[in-house]
Amino acid sequence: MSTHIKDSAVFAKTVLMPGDPCRAKWIAETFLHDYKLVTDVRGILGYTGKTKEGKEISVMASGMGVPSIGIYSYELFTCYAVENIIRIGTCGAYQKECHVGDVIIATSAYSNSNYGAHYEAKGIHLAPCSDFSLMYKAYENSKKLGIPVHVGPIFSSDIFYDADKEFYKTPQELGILGVEMESYGLFINATRLRKKALCLLTVSDTFVNKDERDLTQEERSSSLTKMVELALSLA
Ligand code: HPA
């Protein structure tokens, strides 16, 4: 029995997970066939349908932040027969080569979240990362689909409005590609439950390329298409 997802919901083995419920709806309506709304508890919309190749796939929102994706990914992995969760989100870029609109495959997630502390096993620090088989397939498929990608570590922050405007310089120096707010929690849940997770991101804003402007709300949808097609190729 699930606390935050409808008990009657049926999910495919692979679930795409944007943060925003409206984006989950847009993905179902734009990319899926024979789709059905399977859950809407607290406005967190989840759909199950088929890709254009006829493969079963689900898309459900995670909400914002590590605690929220922590709850939803845990329930999907433990209460339903979900094996793979692919987060599809946006990020702020820390590196000059990551331009607004570019796609990133996250290898691992640094974080300032305390979520992992709960699961540290006898002093062993966690190394939250994407599943290699999903990451490899995503990289291979990006080449087949002609979608250029950046591959590297990201930062899952608990803070969107940072008090320190210079903070970005530290993750930038560490070679971190960009910042979002969820992957760390998803990767930890997948690791401890021996399931698979991947994170694909589209750069929506940048801390370093001052001449580039943020994606508008309208542009966000169209620029997400490449990333969604890549995620759907993993069904
Ligand atoms: N910070 C945190 N999360 C984000 C950002 C950002 O700048 N852009 C998109 N998601």
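Here are a few exercises on strand pairing and salt bridges in this predicted model.

**Exercise 1: the surroundings of E7**

Work out which strands pair with E7, in what sense, and over how many bridges.

*Solution.* Start with strand E6, which covers residues 103-111: E6 and E7 pair in the parallel sense over seven bridges. To get the register, look for Ala106, which sits opposite Gly152 in E7. Now turn to strand E8, residues 178-180. E7 and E8 also run parallel, with two bridges between them. Here Phe155 has Val179 in E8 as its bridge partner.

**Exercise 2: buried or exposed?**

Decide whether strand E7 is largely enclosed or not, using the burial of its residues.

*Solution.* Take the strand's span first: E7 runs over residues 149-156, eight residues in total. Next, apply the cut-off, with buried meaning under 20% relative accessible area. Six of the eight residues pass as buried, so the rest of the structure largely encloses E7.

**Exercise 3: a salt bridge between two loops**

Find the salt-bridge partner of Glu83 and say which parts of the chain the pair ties together.

*Solution.* The partner is Lys195, and the closest N and O atoms are 3.1 Å apart. Now place both residues: Glu83 is in the loop between helix H2 (66-79) and strand E5 (84-93), while Lys195 is in the loop between helix H5 (183-193) and strand E9 (196-206), so the salt bridge ties together parts that are 112 residues apart in sequence. As a last step, check the accessibility of Glu83: at a relative accessible area of 32%, Glu83 is partly exposed.

**Exercise 4: accessibility of two more pairs**

Take the salt bridges Glu53 to Lys52 and Lys169 to Glu166, and classify each residue as buried, partly exposed or exposed.

*Solution.* Begin with Glu53 and Lys52, whose side chains meet at 3.8 Å, N to O. That fits the 4 Å cut-off for a salt bridge. Exposed means over 50% relative accessible area. Glu53 has 57%, so Glu53 is exposed. Lys52 has 68%, so Lys52 is exposed too.

Then go to Lys169 and Glu166, where the N to O distance is 2.4 Å. Lys169 comes out at 35% relative accessibility and counts as partly exposed. Glu166, with 43%, is partly exposed as well.

**Exercise 5: the tally**

How many salt bridges does the model have, and which residues are linked in a network?

*Solution.* The count is eight salt bridges. For the network, look at Arg87, Glu180 and Glu182, which salt bridges link together.

Note on methods
Residues are numbered from 1 along each chain as its sequence is written. This is a predicted model: local features need pLDDT of at least 70, side-chain atom pairs count only at pLDDT 80 or more; totals for chains, interfaces and linings use all residues. Side-chain values use heavy atoms; hydrogens and water are left out. Buried means under 20% relative accessible area, exposed over 50%, partly exposed in between (1.4 Å probe, protein chains only). Helices (H or I, at least four residues) and strands (E, at least two) are DSSP runs, numbered from the N terminus. Two strands pair if DSSP finds at least two bridges between them.
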